[in-house]
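Colleague: I have a model open and would like to talk through it. Can you take my questions as they come?

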Number of protein chains: 2
Amino acid sequence: MVAEFERYIKENLKLSGGDLKLMLSVAVERIVRRKQLLLEEGEVCRHKIFICKGLLRTYRTREDGSEHVMMFSPETWWATDPESLNNQTPSLYYIDALEDSEVLLWTKKDFDMLCAQIPALKAYSEKLISINLNLGRQRIFSALSATAEEKYDEFVASYPNIFARIPLHMVASYLGVSLKTLSRIRQAQLKR
Amino acid sequence: MVAEFERYIKENLKLSGGDLKLMLSVAVERIVRRKQLLLEEGEVCRHKIFICKGLLRTYRTREDGSEHVMMFSPETWWATDPESLNNQTPSLYYIDALEDSEVLLWTKKDFDMLCAQIPALKAYSEKLISINLNLGRQRIFSALSATAEEKYDEFVASYPNIFARIPLHMVASYLGVSLKTLSRIRQAQLKR
DNA sequence: TAAAAATAGCGTCAAATGTCCGCATTTTAC
DNA sequence: GTAAAATGCGGACATTTGACGCTATTTTTA
């Protein structure tokens with residue numbers, strides 16, 4: 001499990017062997033089965049999660065029980081609820097596994113320590129935050145301005161790998177349209 | 001114009017007088033007339049903007065010319081395109097003034113220098129980024145799950161001050177609904 | 001101050017979307 | 001291996017939303 005993380009760090013962060021060892025020394029390996037929860041609404045988020053293998057989903061529910069997918073996190077991505085993690089406040093989100101997965105976990109305290117010790121990690125974290133900010137803006141713009149079909153095409157084009165691995169009703173949930181609408185779009189595209 | 005900024009800094013950042021002077025020494029004061037642009041699509045964003053007085057709008061257009069409001073920035077808020085500013089890439093956004101406004105400008109270079117010199121400013125910037133990230137998530141969730149009326153109510157409740165100062169068609173644009181839909185919602189609410 | 005532009009409401013019609021239902025197939029779990 | 005659950009399609013119908021055109025009022029600008 002650790003091998004994937006080492007490859008990721010070496011490719012993207014170019015840390016020294018010592019720094020890598022330091023990161024791993026405070027990481028917890030964990031295997032998550034499909035459908036298992038890593039974070040639940042109301043709970044304080046305890047970890048920063050790196051996905052070595054598998055696929056996680058972050059979602060939120062409404063009072064009526066409907067689920068709305070905020071994010072999919074496949075291997076070599078991260079997941080957490082930064083708001084809950086940073087402020088130690090109850091989370092609004094759920095994180096669960098869509099596939100049996102292997103993840104690494106860091107507590108906030110340990111990760112803060114790592115950032116303080118390893119400037120390159122701190123810099124990389126900031127870069128990831130800014131990428132997330134941009135992705136968020138792009139998604140908002142898309143939600144404001146695009147048709148359901150445009151959003152669907154955009155999703156398939158941007159995340160072909162993820163798309164192939166998740167049920168359509170979750171794609172619909174991520175896009176903010178009903179499964180019915182998604183079905184119609186796909187049906188119409190087939191006929192072309 | 002500088003008085004508003006000083007008050008803001010003292011309330012939120014508690015900088016020393018020297019640090020405040022340093023910030024002001026590299027800031028440029030500027031008056032922006034209503035409808036004037038501070039950033040245009042295709043241009044590289046040059047500044048971080050603090051609004052002392054007035055109201056700015058950040059928006060993006062589609063090929064068909066439609067405008068979609070990403071953000072309103074009233075006094076004591078900030079505006080910029082961080083993606084363009086940080087990477088020195090052409091921006092996708094426009095920033096213009098909805099009211100005659102007074103702003104302070106910093107170049108990326110100067111602001112980076114300030115962050116390096118003033119740890120409290122660096123920390124505050126990071127805090128603002130994380131707040132923005134959360135606001136973005138909240139808006140995405142709202143776009144995915146809320147009805148037009150719920151989004152409208154949420155906006156009025158969250159930003160009563162801004163709401164009273166902008167035309168309805170811009171509220172509609174911010175919410176991602178047509179002006180017609182917004183009219184209908186308001187009409188229905190009046191009848192209750 | 002007068003002309004022009006912006007703002008916002010309304011009616012009508014058409015298109016898009018959602019809900020509810022059942023059904024068939026595939027996948028999962030015990 | 002079998003029962004149960006998940007997945008996804010499709011029909012019928014109602015609702016929501018948008019597009020277009022028109023108008024009245026307010027605001028801006030010259």
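Colleague: Which helices each supply at least two residues of the surface near DNA strand D?
Modeller: In this predicted model, they are H8 (168-175) and H9 (179-190) of chain A, plus H9 (179-190) of chain B. Helices are DSSP runs of H or I with at least four residues, numbered from the N terminus, and near means a heavy atom within 4 Å.

Colleague: Which one gives the most?
Modeller: H9(A), with 4 residues.

Colleague: And which residues come nearest to DNA strand D?
Modeller: Out of 15 around the strand, Leu168(A), Ser183(A), Ser178(B), Thr181(B) and Arg184(B).

Colleague: What does Arg184(B) reach?
Modeller: A side-chain N or O atom of Arg184(B) is 2.6 Å from a base nitrogen of DNA strand D. Lys180(A) also has a polar side-chain atom 3.0 Å from a base nitrogen of that strand.

Colleague: What about Leu168(A)?
Modeller: There the backbone is involved: an N or O atom lies 2.6 Å from a phosphate oxygen of DNA strand D.

Colleague: Switching topic, how do chains A and B relate?
Modeller: A 180° rotation with 0.0 Å of shift along its axis superposes A on B, RMSD 0.0 Å. That is a two-fold axis relation. The same surface serves both copies, with 100% of the contact residues of chain A recurring in chain B; contact means heavy atoms within 4.5 Å. The superposition is least squares on C-alpha atoms of residues with pLDDT of at least 70 in both copies.

Colleague: Any ground rules?
Modeller: Residues are numbered from 1 along each chain as its sequence is written, and chains are lettered from A and ligands numbered from 1 in the order written. Local features need pLDDT of at least 70, side-chain atom pairs count only at 80 or more, totals for chains, interfaces and linings use all residues, and side-chain values use heavy atoms, leaving out hydrogens and water.

Technical notes. Polar contact = N/O pair within 3.5 Å; in protein donor to acceptor, adjacent residues only side chain to side chain.
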